[in-house]
Amino acid sequence: SPLGQGKISEKPVIQRIANAYGKTYAQTVLRWHIQHGYIIFPKSMHRERMEENLHIFDFALTAEEVASIDALDEGEAGRVGPNPNTFAWMM
């Protein structure tokens, strides 16, 4: 889940960065993924959120902001989905 199933929204650093750009926490986190070159598949059943997800290309995070979000990594303890390195992929 690129948005950590919403858990990341509670982090003050995410809120601060989102507010600085006039963006939502979701847009901020999706932008962070894009700047890292990660492939993301945000899921939503709400049209307004789908449209919102498209508006992540009109701003860029600074290197300091990216590093601030990187610092939130809790490793395996913070994982909310399967680990892609150990997931039993169907062949």
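Start by selecting Ile14, Ile17 and Ala18 in α1, then add Tyr25, Thr28 and Val29 in α2; these two groups meet each other. By class, the residues of this contact of α1 with α2 are 5 nonpolar, 1 polar and no charged. Keep in mind that the model on the screen is predicted.

**The two helices around that contact**

Show α1 and α2 as ribbons. Their axes lie 8 Å apart and the helices pack at an angle of about 95 degrees. An angle from 65 to 115 degrees counts as roughly perpendicular, so α1 is roughly perpendicular to α2.

**The whole chain**

Now zoom out and colour by secondary structure. The chain holds 4 helices and 0 strands. Read from the N terminus, the order of elements is α-α-α-α. Of the 91 residues in the chain, 30% are buried. Among contacts between residues at least 6 apart in sequence, 66% join residues at least 24 apart.

**The nonpolar core**

Next, select Ile14, Ile17, Trp32, Ile56, Leu61 and Ile69. In the largest nonpolar core, which has 13 residues, these are the ones with the most contacts inside it. The elements that give two or more residues to this core are α1 (12-21), α2 (25-36) and α4 (63-70).

Which residues does Trp32 touch, not counting residues up to four places away in sequence? Select Trp32 and look for Tyr38, Leu61, Val66, Ile69 and Asp70.

**From α2 to α4**

Hide α1 and keep α2 and α4. The axes of α2 and α4 come within 11 Å and cross at roughly 105 degrees. This angle also falls in the range from 65 to 115 degrees, and α2 and α4 are therefore roughly perpendicular to each other.

To see where they meet, select Thr28, Trp32, Gln35 and His36 in α2, together with Val66, Ile69 and Asp70 in α4. The contact of α2 with α4 divides by class into 3 nonpolar, 3 polar and 1 charged residues. Thr28 is worth a second look: it is listed in the contact with α1 and also in the contact with α4.

**Gln35**

Stay in helix α2 and select Gln35. Is Gln35 buried, partly exposed or exposed? Its relative accessible area is 31%. Buried would require under 20% and exposed over 50%, so Gln35 is partly exposed.

Apart from its neighbours within four places in sequence, Gln35 is in contact with Ala60, Leu61 and Val66. Put a distance label between the C-alpha atoms of Gln35 and Ala60: they are 25 residues apart along the chain and separated by 7.9 Å. Then show the side chain of Gln35, which reaches the backbone nitrogen of Leu61 at 2.6 Å. Leu61 is also on the list of residues that Trp32 touches.

**Gln27**

Finish with another residue in helix α2, Gln27. The relative accessible area of Gln27 is 6%. The limit for buried is under 20%, so Gln27 is buried.

Where does the side chain of Gln27 reach at 2.9 Å? Select Thr24 and show its backbone nitrogen, which is the atom in question. Then add Glu52, His55, Ile56 and Phe59, the residues in contact with Gln27 once neighbours within four places in sequence are left aside. Ile56 has come up before, as one of the core residues with the most contacts inside the core.

Conventions: Residues numbered from 1 in each chain as written. Predicted model: local features only at pLDDT ≥ 70, side-chain atom pairs only at ≥ 80, totals over all residues. Heavy atoms only, no water. Core = buried A, V, L, I, M, F, W, Y, C linked by side-chain atoms within 4.5 Å. Buried < 20%, exposed > 50% of the residue type's maximum accessible area, 1.4 Å probe, protein only. Contact = heavy atoms within 4.5 Å. Polar contact = N/O pair within 3.5 Å; in protein donor to acceptor, adjacent residues only side chain to side chain. Axes fitted to C-alpha atoms, helices over the stretch in contact; angles between N-to-C directions. Parallel < 35°, antiparallel > 145°, perpendicular 65-115°, else oblique. Nonpolar A, V, L, I, M, F, W, Y, C, P; charged D, E, K, R; others polar.
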